[in-house]
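Open the model in your viewer and keep the selection panel at hand. The tour goes from one strand outwards to whole chains.

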Amino acid sequence: MPGDFLDRYSRGGTICHRMSPRLKIILTVAVIVTCAFLPLSNWPLYGCLASLVFVALSLAEIPIAYLTRRLLLFLPLVLMTAIAVPLSRGFAGGWQTAGTVVIRAVVAFLAALWLVSTTPFDRLLAGLCRLGLPRLFAALLAFVYRYIHVLFDELARMRTAQRARTFKRPPGWRDWKGAVQLVGTLMIRALVRAERIHGAMCSRGWTGKMHSLD
Amino acid sequence: MSHAEVPILKVERLSYRYPTGQIALCDVSFQIGMREVVGLIGPNGAGKTTLLLHLNGLLMGTRLAPRRGETASVVESVSDGGGRFEAENIAAGNRVPVEVLGMPVIPENLPEVRRIVGILFQDPDDQLFCPTVGDDVAFGPLNLDFPRDEVLRRVGEALAAVGLSGFEGRSPQQLSFGEKRRVCLAGVLACEPNLLALDEPSSNLDPRARRGLIEILRNCPAAQIIASHDLELVAEQCSRVIVLDQGRIQADGPSREILADEKLMAKHGLEVPLSIQYNLKLSPAPH
């Protein structure tokens, strides 16, 4: 997994990239909230919101192919939720509701994608902090962002090592067993690493309070 | 070291037992002088890393009773992993095994001890936990409660010292392994420690990065203790060497004598560095 899978286009130079992170966060949240509370009868407004997001995305020069790939990862989750609506509420009005769920989710998703694709993660966090996010919470997010890369690298290395000693494709259940073992090992390694990180933090004078340069 | 000055580090009869019951360090005593550069060598599992973790109180072992008993009783009195110094323990008699600049390493002194002793860990990913290089190098100075200007000055100077000026905005996953290690070192240097404890500083580095690291260490005025399997690095950099094996100090003396002792080296899973074997002229030790 490449190191920049979350915010590949976040270091561009377009007008969207130059906007203040705080403003972008407020805009994104506004779009998402409006989208979520807009009554079904006002459907033309959905179109407006969607085109607004598309304009923002094209201004940020984010490739369509990238957006499509991200959307394809996200859509199955939404579709599953959406399908549950007509199945549980009856088909009459159900399809309409399902359609709304999908549109709302996609617009919100694209808006969030615009935010993370135009703002480097550290600046995003700084913006969130200025908007009142507690420091500790920001630190937790920073740790997740930092170590998700390390953990994925570790997983990839373990997968490779496992495959290097897999001579023919094992029957299905053993394949699963191997995957489960990997996840278990990864969790133990993550735990041990967490302890080492804590040691490294204490070594540089950490006493439980997160400071920041901003 | 000259015996006139206060040692920066004094370890006396330090012993430590892992929570599993296995003995990691047994009766370890040594001192390090103000500007000394000491190598710490020994086979895998000798206790090198465990020893380094004691230098700033991340681990706290016990000090053996002053009487020299038989091995059995010595082993009995080694504390378990949870062994911390309680107040009454200290009141009962000075039983703190590690002293930094004459200050016992006990919980109350940890902030000061950790300012004086900087540890560079083996895996840069463990030490680079902030979203950007600048944040990471600033982590120590910020914890020391310096004003913003001073923090920025230290970040700039530390990054310049490791040759990475202008890297403040980079994120750690964009760096090469060698750059990561140097940023880690900058993070430690930014606290301006008086003693640098380095755990395998040259491991996994390509020759150029390794050479760069040696140059940085040479220019660093702090006393240093370098735990390493890179014996050429130790031969080049350290005036004195401590051999640790099975948790005990096996030898402690001038590096050229110890590193050239074929029997001693072989006995502890080491070997005489090629530069000494072939009598290559070593560049003079820097301190």
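This is a predicted model. Begin in chain B with strands β8 (residues 195-199) and β9 (residues 223-227), which run parallel and are joined by five bridges. Two pairs are worth labelling here. L198(B) faces I226(B) across the pairing with β9(B). L195(B) has A223(B) of β9(B) as its bridge partner.

**The other neighbour of β8(B)**

Now add β7(B). Its pairing with β8(B) is also in the parallel sense, over four bridges. Label V117(B): opposite stands L195(B) of β8(B). L195(B) is therefore a useful residue to centre on, because pairs on both sides can be picked up from there: V117(B) and A223(B) in β9(B).**Burial of β8(B)**

Stay on β8(B) and colour by burial. How many residues of β8(B) are buried? Five of the five are, so the strand is largely enclosed by the rest of the structure. In a regular strand, side chains alternate between the two faces of the sheet. Check each face in turn. On one side sit L195(B), A197(B) and D199(B), all buried. On the other are L196(B) and L198(B), buried as well.

**The whole sheet**

Widen the selection to the sheet. What is the strand order? It reads β7-β8-β9-β3-β10-β11 (chain B), an open sheet of six strands with mixed pairing. Go to the edges next. They are formed by β7 (117-120) and β11 (248-254) of chain B. Each has a single partner strand, so one side of each is left without a neighbour in the sheet. Look along the sheet to see the twist, which averages 15° from one strand to the next.

**Helix α8 of chain B**

Select residues 177-189 of chain B. This is helix α8, which lies across β7 and β8 of chain B. Its direction makes an angle of about 170° with β7(B).

Within helix α8 of chain B, pick G178(B). Is G178(B) buried or partly exposed? There are 17 C-beta neighbours inside 10 Å, and a residue needs 20 or more to be buried. G178(B) therefore counts as partly exposed. Show its contacts, leaving aside neighbours within four places in sequence: L205(B), D206(B) and A209(B). For a distance check, measure to N56(B). The C-alpha atoms of G178(B) and N56(B) are 25 Å apart, and the two residues are 122 apart in sequence.

**Chain B as a whole**

Zoom out to the full chain. Chain B has 13 helices and 11 strands. Of its 287 residues, 47% count as buried. Take the contacts in chain B between residues at least 6 apart in sequence: 67% of them join residues at least 24 apart.

**Where chain B touches chain A**

Show both chains. In the contact, 29 residues of chain B meet 24 residues of chain A. Which helices of chain B each supply at least two residues to this side? Select α4 (110-116), α5 (124-127), α6 (133-143) and α7 (148-161). The one that gives the most is α6(B), with six residues. Colour the chain B side by class to find 15 nonpolar, eight polar and six charged residues.

**Chain A**

Hide chain B. Chain A has eight helices and zero strands. From the N terminus on, the elements run α-α-α-α-α-α-α-α. The radius of gyration of chain A is 21 Å, well over the 17 Å that the globule rule gives for 214 residues, so this chain is more spread out than a compact globule. Along the principal axes, its C-alpha atoms fill a box of roughly 55 × 55 × 30 Å.

Colour chain A by burial as well. Buried residues make up 20% of the 214. Of the contacts in chain A with a separation of 6 or more, 75% are between residues 24 or more positions apart.

**The two domains of chain A**

Finish by colouring residues 15-129 as domain 1 and residues 134-203 as domain 2 of chain A. Their centres, taken over C-alpha atoms, are separated by 30 Å. Select the contact between them: four residues come from domain 1 of chain A and five from domain 2 of chain A. What classes of residue does domain 1 of chain A bring to this contact? Its side has four nonpolar, no polar and no charged residues.

Key: Residues numbered from 1 in each chain as written. Chains lettered and ligands numbered in written order. Predicted model: local features only at pLDDT ≥ 70, side-chain atom pairs only at ≥ 80, totals over all residues. Contact = placed C-beta atoms within 7 Å. Nonpolar A, V, L, I, M, F, W, Y, C, P; charged D, E, K, R; others polar. Rg over C-alpha atoms; globule rule 2.2 N^0.38 Å. Buried ≥ 20, exposed ≤ 12 C-beta atoms within 10 Å, placed from the backbone. Domains from an automatic or database assignment. Pairing = 2+ DSSP bridges. Axes fitted to C-alpha atoms, helices over the stretch in contact; angles between N-to-C directions.
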